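Let's take a walk through this structure together. Have a look at it first, and then we'll start with one small detail and work outwards.

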There are 2 protein chains.
Amino acid sequence: MKVINPALKAQQVKDYWNPKIIAQLNGQEVKVARLKGEFVWHSHANEDELFYVLKGELKIELRTETLALSAGEMVVIPRGIEHRPIAENEVEVLLFEPAGTRNTGEVENELTRHQLDSI
Amino acid sequence: MKVINPALKAQQVKDYWNPKIIAQLNGQEVKVARLKGEFVWHSHANEDELFYVLKGELKIELRTETLALSAGEMVVIPRGIEHRPIAENEVEVLLFEPAGTRNTGEVENELTRHQLDSI
């Protein structure tokens with residue numbers, strides 16, 4: 001059993017939009033990621049997704065509104081809801097979602113990460 | 001979809017050792033709790049439990065060692081592992097575990113919370 005510091009883990013991530021697994025429990029995974037720029041519009045058919053901002057200011061565009069999250073804030077994007085994360089400046093984020101959730105959801109493109117490393 | 005600040009939610013909790021639900025996803029619950037003093041030794045037969053410290057210094061006694069967590073640090077206690085949280089001074093914590101996880105695990109005593117409110 002290891003004490004984990006997600007913010008320090010996030011700082012070890014080298015590239016943007018490439019989540020790393022830091023813990024697993026109950027079939028779920030805790031991940032950290034560094035974000036910069038605009039991601040792709042996508043949704044997850046069967047997975048609710050929690051974003052918790054460790055550092056920076058994260059916008060999450062929805063079709064109906066835009067959410068703005070500062071460090072220490074979180075939101076749950078329910079399954080099936082289209083969303084697009086936007087980090088105007090660098091953001092470090094903790095993700096909580098079912099094991100195997102694909103980062104781009106139903107979309108497959110150059111941003112899709114097919115296999116996530118642990119860190 | 002609401003932006004949630006777990007640290008602010010935790011500050012709204014009035015009593016110690018009484019987790020409040022702040023979000024639900026994928027059959028799991030995100031809770032916040034204020035802790036002070038020593039909890040009861042217990043384990044959860046079927047639930048892994050994540051502790052993330054929002055404020056203060058949390059000790060978690062295991063039978064084999066004692067974990068020390070500062071604000072911004074987390075640990076996963078796997079199912080079946082006996083543990084006892086200790087907060088020498090007040091601690092605010094975020095919990096992540098399956099919906100319906102009982103705070104005192106297999107133990108039932110005056111600390112057991114049979115129904116958790118949302119906050």
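Which residue in strand 7 of chain B does Lys55(B) stand opposite? The residue to look for is Glu92(B). Keep in mind as you look that this is a predicted model.

That pair gives us a way into the sheet of chain B. Strand 3, residues 49-55, and strand 7, residues 83-98, pair in the antiparallel sense, with five bridges between them. Strand 3 of chain B also pairs with strand 6, residues 74-77, again in the antiparallel sense, this time over four bridges. If you'd like a spot to check there, find Phe51(B): its bridge partner in strand 6 of chain B is Val75(B).

So how does strand 3 of chain B sit in its surroundings? Six of its seven residues are buried, so the strand is largely enclosed by the rest of the structure.

Now stay with strand 3 but move to Leu50(B). Leaving aside residues up to four places away in sequence, Leu50(B) touches Met74(B), Val76(B), Leu95(B), Phe96(B) and Glu97(B), and it also touches Ala23(A) and Leu25(A) in the other chain. Leu50(B) shows up again in the largest nonpolar core, which has 58 residues. Among those that touch the most other members are Leu50(B), Phe51(B), Leu58(B) and Val93(B), along with Phe51(A), Leu58(A) and Val93(A). As a general backdrop, nonpolar side chains tend to be buried together in soluble globular proteins.

The contacts of Leu50(B) with chain A lead us to the place where the chains meet. Here 25 residues of chain A are in contact with 25 residues of chain B. On the chain A side, the elements giving two or more residues are helix 1 (6-11), strand 1 (20-25), strand 5 (66-69), strand 6 (74-77) and strand 7 (83-98). Strand 6 of chain A gives the most, with four residues. Sorted by class, this side of chain A has 17 nonpolar residues, four polar and four charged.

One last stop is a backbone oddity. Most residues other than glycine have a negative phi. Trp17(A) isn't a glycine, yet its phi is positive, at about 60 degrees. Look for Trp17(A) in the loop between helix 1 and strand 1 of chain A. In chain B, Trp17(B) has a positive phi of about 55 degrees, and its place is in the loop between helix 1 (6-11) and strand 1 (20-25) of chain B.

Are these tryptophans buried or exposed? Trp17(A) counts as buried because it has 20 C-beta neighbours inside 10 Å, and Trp17(B) counts as buried with 20 such neighbours.

Definitions and conventions
Residues numbered from 1 in each chain as written. Chains lettered and ligands numbered in written order. Predicted model: local features only at pLDDT ≥ 70, side-chain atom pairs only at ≥ 80, totals over all residues. Contact = placed C-beta atoms within 7 Å. Nonpolar A, V, L, I, M, F, W, Y, C, P; charged D, E, K, R; others polar. Buried ≥ 20, exposed ≤ 12 C-beta atoms within 10 Å, placed from the backbone. Pairing = 2+ DSSP bridges. Core = buried A, V, L, I, M, F, W, Y, C linked by C-beta atoms within 7 Å.
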